[in-house]
Structures are given as C-alpha cells and as structure tokens.
Amino acid sequence: MEQGYERTTMRQIAYRAKILNGSLYNLYPSKDDIFDYIFMKTVEKRHNKCMGLIDEEKDYLFALALPIALELYIGKNEPKIGELMHEAYSNWDTFNKIVDLDIGWIVHVSEKFGIPLDQGHLKQIVIAIDGGFGKIIDRYVFEHDGDFQEDLRTLMILLFTLLNLPL
C-alpha cells in the first residue's frame, strides 16, 4: 500500500513480515502468489459479508449488485486499493479465480430468489462483466475519471442483459 505493487519486492515483504527470505519463498514462490492469496481471501470475505447482508433482502437487483457496488466504490475512492484491484484483474490466474467466485455469488443469489439461470454461458457472461469492471477500475486508477453511480448502473444493465433477466 505504501509504495505500490510494482515497487514492492519479496525481500521487503519478508522484512516487514519478520521472516527469512527463504521461509517466504518456501511458502510463496513469488509476490504474485502472495498477492493472489491475499486478494482472493479478501474477495471471499466480501462475498461472505454480503451473504449475511442479503439474508433478509427482498430485492434481487440489490442482492446481485451488492458485491459489485462495494468493490467499485472502494476502487473509486481508495486509489491504492484501486491499484491493487488493477493488478488482480490484470493477472489471468487471479482473474479466473475472481470469475469463479462471482459465478458462485450469482448462482447463490439467484437460487435464494428463485430466479432460474441458464448456466450454459454463465462463465462467459461473468468474464464479460468482470472484464468491464476491470476496465472501469483502470479508468479510476490511471485517468482519475468516472462516475460511480453511472458505472454501477452500466455494469448492472450489462449483467441483467447478458443473463436475459428483466431489469
């Protein structure tokens, strides 16, 4: 967070974690592996928190949009976190794990609300949504431009259109 992802080294991480370089490399071969682990745990926690928030929710759109809205809001308003999101959405392995978690969220919410989904193309749909999300985060990070509400609205229209659901 202090100096950004690109400028951080494994040696610095080991020093701050107060462990030997060799011990760190035994656990994680690269800083990409460390980042992937931390980012995915964060996304999993976000989904778990959101599940608790929607237990009593009656609005399918709200429930489906909640994790997207939270992450988009943080990416817009916290530049260093936005930079980390850019890294995550730019790494194909991490991106695929995010897609899988988001598919799980969409299926969970849809089942909770009794909304039938054609899961045949769900992976491609979520890849498109998450790819669009990544581009919006890039705009926030590199161009310092974008309107949170309009961007969220665009993502939700895209999601519901691709899922062939009424908005």
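So, Tyr37: partly exposed, with a relative accessible area of 43%. Keep in mind that this is a predicted model. The ring of Tyr37 pairs with the ring of Tyr28, and the geometry is tilted: 6.0 Å centre to centre, with 50° between the planes. Tyr28 counts as partly exposed too, because its relative accessible area is 23% and the buried class stops under 20%.

Now compare that with Tyr60 and Phe160. Here we have an edge-to-face pair, 5.8 Å between centres and 65° between planes. Tyr60 is in helix α4 and Phe160 is in helix α8, so this pair ties together parts that sit 100 residues apart in sequence. And are these two buried or exposed? Tyr60 is buried, and Phe160 is buried as well.

On rings in general, the count for this model is 9 aromatic pairs. There's also a cluster, where ring pairs link Tyr89, Trp92, Phe95 and Phe133.

Okay, let's stay with α4. This helix runs over residues 60-77, so to speak, 18 residues, and spans 26 Å from first C-alpha to last, close to the 26 Å you'd expect at 1.5 Å a residue. There is a bend, though: about 45° at Leu66, with a proline, Pro67, following within four residues. Back at the start of the helix, Asp59 puts a side-chain oxygen within 2.9 Å of the backbone nitrogen of Leu61.

Which helices do the buried residues of α4 pack against? That would be α3, α5, α6, α7 and α8. Among those buried residues are Tyr60, Leu64, Leu66, Pro67, Leu72 and also Glu71.

That takes us to the core. The largest nonpolar core has 43 residues, and the ones touching the most other members are Phe39, Leu64, Leu72, Ile106, Met156, Leu159 and Leu163. Helices α3, α4, α5, α6, α7 and α8 each give two or more residues to this core, and the largest share, 9 residues, comes from α7. As background, nonpolar side chains in soluble globular proteins tend to be buried together.

Take Leu163 from that list. Setting aside neighbours within four places in sequence, Leu163 is in contact with Leu64, Ile106, Leu117, Leu122 and Ile125.

One last residue, and this one is a histidine. His86 sits in helix α5. His86 counts as buried because its relative accessibility is 17%. So what does His86 touch, beyond neighbours within four places in sequence? The contacts are Ile137, Asp138 and Phe142.

Key
Residues are numbered from 1 along each chain as its sequence is written. This is a predicted model: local features need pLDDT of at least 70, side-chain atom pairs count only at pLDDT 80 or more; totals for chains, interfaces and linings use all residues. Side-chain values use heavy atoms; hydrogens and water are left out. The expected span of a helix is 1.5 Å times one less than its number of residues. The bend at a residue is the angle between axes fitted to the seven residues ending there and the seven starting there. Buried means under 20% relative accessible area, exposed over 50%, partly exposed in between (1.4 Å probe, protein chains only). Contact means heavy atoms within 4.5 Å. A polar contact is a pair of N or O atoms within 3.5 Å; within protein, one must be able to donate a hydrogen and the other to accept it, and residues adjacent in sequence count only if both atoms are side-chain atoms. A nonpolar core is a set of buried Ala, Val, Leu, Ile, Met, Phe, Trp, Tyr and Cys residues joined through side-chain atoms within 4.5 Å. Rings of Phe, Tyr and Trp (its six-membered ring) pair if their centres lie within 6.5 Å; planes under 30 degrees apart count as stacked, over 60 as edge-to-face and the rest as tilted.
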